[in-house]
Amino acid sequence: MSSEHEKLVDRLLLKSRELSTETVMFHTAIAILRDLSAVESKVLDYVARLGPLTPKELAEYAGLAPASITALIDRLERKQMVTRSPHPDDRRKVLVGVEEETIERAVSLWDHIVAATRELANDYSEGELRTVIGFLERAAAVTHESTLRLTSRSLE
């Protein structure tokens, strides 16, 4: 690979690190405003994006121990942010879902970043946006895999 390519990759890694830090700080601010820990906030995000999940699925996504996820779900349930309901296909399991009011209360916290990101995206062509989206999808998968490696959980 060329020296220029290596320099660009190094710059990409640095800018990714900067974005990661700013993202963590943004999500921490949202969590604080919602009286949540950062982990509680992100577990809520998994359920909001992916739909109702079993505690085992949540533990696997988050890279948390089953006992930790159970305690976290208990806290979120006490805060009336999630519900447990019977699994439709297996009576031994429960599904954890996000209360609609939980989502509605959080939407306004995202107004600025969503609007600003939409405005920023207007500077890019459809092809460039497809490239960025593809990179972000793959980078998110690598980050998720790295989290699982650090928490001793396997993707297999």
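The buried residues of helix H3 pack against helix H2 (38-50), helix H4 (66-78), strand S2 (94-98) and helix H7. Helices here are DSSP runs of H or I with at least four residues, strands are runs of E with at least two, and both are numbered from the N terminus. This is a predicted model, so local features need pLDDT of at least 70 and side-chain atom pairs count only at pLDDT 80 or more, while totals for chains, interfaces and linings use all residues. Residues are numbered from 1 along each chain as its sequence is written, and side-chain values use heavy atoms, with hydrogens and water left out.

Which residues of H3 are buried? In this helix, residues 55-62, they are Pro55, Leu58, Ala59 and Ala62. They sit on the same side of H3, because they cover an arc of only 100° around the axis. That arc is taken from the directions from the helix axis to the C-beta atoms. As for the burial terms, buried is under 20% relative accessible area, exposed is over 50%, and partly exposed lies in between (1.4 Å probe, protein chains only). After H3 comes Gly63, whose phi is positive, near 70°.

Glu60 also belongs to H3, and this residue is partly exposed, with a relative accessible area of 44%. Leave aside its neighbours within four places in sequence, and Glu60 is in contact with His144 and Leu148; contact means heavy atoms within 4.5 Å. Tyr46 is 14 residues away from Glu60 along the chain, and the two C-alpha atoms are separated by 11 Å.

Now for the charged pairs. How many salt bridges does a search of the whole structure find? It finds nine, a salt bridge being a side-chain nitrogen of Lys or Arg within 4 Å of a carboxyl oxygen of Asp or Glu. Here are some of them, with N to O distances:

| Acid | Base | Distance |
|---|---|---|
| Glu77 | Arg84 | 2.5 Å |
| Asp90 | Arg92 | 3.0 Å |
| Glu126 | Arg130 | 3.8 Å |

Take Glu77 and Arg84: Glu77 is partly exposed at 32% relative accessibility, and Arg84 is partly exposed too, at 29%. With Asp90 and Arg92, the acid is buried at 15%, whereas Arg92 is exposed at 74%. In the Glu126 and Arg130 pair, Glu126 is exposed, with a relative accessible area of 58%, and Arg130 is exposed with 56%. Those two are four residues apart in helix H7, so about one helical turn separates them. Elsewhere, Glu40, Arg75 and Lys79 are linked in a network of salt bridges.

H7 also has a nonpolar side to its story. Leu12, Val132, Phe135 and Leu136 form a nonpolar patch on the surface, with about 340 Å² of accessible area together. Patches are made of residues with over 30% relative accessible area and no salt bridge; like charges are joined within 9 Å, and nonpolar side chains (Val, Leu, Ile, Met, Phe, Trp, Tyr) within 5 Å. The areas come from the Shrake-Rupley method with a 1.4 Å probe, and for residues only the protein chains shown count as cover. Which helix gives the most to the patch? That is H7 (residues 126-150), with three residues. Leu136 has its place in H7 and is partly exposed, with a relative accessible area of 48%.
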